[in-house]
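Hi everyone, thanks for coming. Please have the sequence and the 3D view open while I talk, and stop me whenever you lose the thread.

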Amino acid sequence: MLIQGVAGAADHMAIRDDTRIALAADLNEDTRRKQVCMIWEGAMQKLLVGVAGLALALTGASSAFAQSSVKIGMINEYSGQFADTGNMIDYGLRLYMKQHGDTVAGKKIEVIRKDTGGMAPDVSKRLAQELVVRDNADIFGGFSLTPNALAAADVSAEAKKFMVVMNAATSIITTKSPYIARTSSTTPQLNYTLGQWAAKNGIKTVYTMVSDYGPGIDAETWFQNGFKEGGGTIVGSVRFPVANPDFSAFIQAAKDKNPDAIYIWIPGGAQPAAVGKALAERGIDPAKTKILGQDALAADTALQSMGDASIGIITAADYDYTHKSAMNQEFVKAFNDEFHRNPDFFAVGGYDGTHLIYAALEKAGGKADGDSLIAAAKGMSWESPRGPITIDPETRDIVQTVYIRRVDKIGGVLQNVEFDSVPAVKDPVKARMNK
């Protein structure tokens, strides 16, 4: 197109000069032809020099305006019921940046924080759009809650923005944009593994209760799948409202069925403590009726609220601050020094999510477009405070060890103690889809 335009312009200039030449009656045909050729060649040289100068000028302008920074737009729940989860993710990001600096591949890292205020998918989508249009963000990060992550995924797909999900765990999230990678876990990954483990370890009957929205239904489905495939029986199940449920009534209904275990799935925030209180009020003794659940049920903050009533609760998790490794001991110390509390799975999701962003940028040579970053992220492996992890190159989901933990009192402190583990677990939903 450019060459055709140059040739066309040269032809136009030569034709204009040729017209003047043709008017000179004293020039013969051969002379006129030679002069027309000379004029055309001269015009071409001038235009090509001009185009080259323009190209250099544009290159110079591009260099002058070349992106010297990479902007990460963090969409999180920094206020409201789930503020602690959003802030813990952000603490993980902040600690990683303190340890590794704010420059990657010659690019300055800038963080733009957006607060959804809670479970608000419409707000999340609007904030993602603002990050693209107004803030010129290159990367999306954060996402405590699935509905918020799904809403932003639409924007990631349309704007081709690399998006790192640092907590939200519903399996389908990574299928909603080809630019998403996840550094937390998937709900089926943890709960299917827990269901299988329960069936193999003497638990014959279970009553399940979960929050009535995507992640809770995911958890219920895959725990039940794993448990039933192992020969266990579900004696009852219930789904309760996400906001302010009356846990006591649901726990009483479960108690009435006299199961070997009660399986509970709830989001983070203040709900685990409320569940613990209801268990104690209804006289559920985890030593007699096992309480099973995902990591949030026995989060550090929940244990502080539940007290000794939490002893014996068994959960599946991808991380706990008590994990025995040299890297984790260093991580826990640094986190406590910086924020005066223990890290949790939200924090390690933010920490590893920031690592993935840094490593992908480095591998992509500083390119911050979605195609370059997701290509760099696929198949990436590293040692995390939680242990070895990999980003599955096919699904862009995390592959990791699932730990089985029991709450115990160690030195007067309630802790989750790892007593079993299953290595290199993939998301079972996508594993079955690919068969």
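**Starting from the sheet**

Let's begin with an open sheet of 6 strands, which has mixed pairing and the order β2-β3-β1-β4-β5-β6. Its edge strands are β2 (103–104) and β6 (180–182), each of which pairs on one side only. Before we go on, please remember that this is a predicted model.

Now zoom in on two strands of that sheet. Strand β1 (residues 69–76) and strand β3 (residues 107–115) run parallel, and 8 bridges join them. If you want a place to put your cursor, find Ile72, which stands opposite Val111 in β3. Next come the helices on the sheet. α12 packs on it, touching β1, β2, β3, β4, β5 (162–165) and β6. The direction of α12 makes about 150° with that of β5. Helix α4 (residues 121–133) lies across β1, β3 and β4 (139–142), and it runs at about 150° to β3.

Let me step back for the whole chain. How many helices and strands does the secondary structure come to? There are 14 helices and 15 strands. The chain has 435 residues, and buried ones make up 54% of them. Among contacts with a separation of 6 or more, 67% are between residues 24 or more positions apart. The chain exposes about 18,900 Å², with carbon and sulfur atoms supplying 53% of that area.

Now a helix that makes a nice worked example: α11. Its 14 residues (326–339), at 1.5 Å a residue, should span 20 Å, and the end C-alpha atoms are indeed 20 Å apart, so the two values agree. Which residues of α11 are buried? They are Asn328, Phe331, Val332, Ala334, Phe335 and Phe339. Looking down the axis of α11, you find these buried residues within an arc of 170°, so they line one face of the helix. Here is the idea to keep in mind: an α-helix has 3.6 residues a turn, so residues three or four places apart point the same way. On the other side of α11, you will find Ala326, Gln329, Glu330 and Lys333 exposed. What covers the buried residues includes α3 (83–100) and α12 (345–363), and α12 is the helix we just saw packing on the sheet. Just after α11 comes His340, with a positive phi of about 60°.

Let's try the same reading on helix α8 (residues 247–256). Its buried residues are Phe247, Ser248, Ile251 and Ala254. They cover an arc of only 125° around the axis, which puts them on the same side of α8. Those residues pack against β7 (205–211), β8 (233–240), β9 (261–265) and α9 (271–281). Just after α8, Asn258 takes a positive phi of about 50°.

Helix α13 (residues 370–377) is another case to look at. Of its 8 residues, 6 are buried, so α13 is largely enclosed by the rest of the structure. The buried ones are Gly370, Ser372, Leu373, Ile374, Ala376 and Ala377. Their cover includes β4, β5, β6, α12 and β13. After α13 comes Gly379, whose phi is positive, near 80°.

Two single residues next. Is Gln224 buried or exposed? Its relative accessibility is 13%, and buried means under 20%, so Gln224 counts as buried. Gln224 lies in helix α7 (residues 214–229). Setting aside neighbours within four places in sequence, Gln224 is in contact with Thr208, Ile234 and Ser237. Glu394, by contrast, counts as exposed because its relative accessibility is 64%. You will find Glu394 in the loop between β13 (387–391) and β14. The C-alpha atoms of Glu394 and Lys378 are separated by 7.5 Å, and these residues are 16 apart along the chain.

From that loop, carry on into β14 for our last stop. Strand β14 (residues 398–410) and strand β15 (residues 413–425) pair in the antiparallel sense, over 10 bridges. Arg406 stands opposite Val417 in β15. The two strands form a hairpin with 2 residues between them, and Gly411 in the turn has a positive phi of about 60°.

That's my tour, thank you. Any questions?

How values were computed
Residues are numbered from 1 along each chain as its sequence is written. This is a predicted model: local features need pLDDT of at least 70, side-chain atom pairs count only at pLDDT 80 or more; totals for chains, interfaces and linings use all residues. Side-chain values use heavy atoms; hydrogens and water are left out. Helices (H or I, at least four residues) and strands (E, at least two) are DSSP runs, numbered from the N terminus. The expected span of a helix is 1.5 Å times one less than its number of residues. Buried means under 20% relative accessible area, exposed over 50%, partly exposed in between (1.4 Å probe, protein chains only). The arc is that of the directions from the helix axis to the C-beta atoms. Contact means heavy atoms within 4.5 Å. Two strands pair if DSSP finds at least two bridges between them. Axes are lines fitted to C-alpha atoms, for helices over the stretch in contact, and angles run from 0 to 180 degrees between N-to-C directions. Accessible areas come from the Shrake-Rupley method with a 1.4 Å probe; for residues, only the protein chains shown count as cover.
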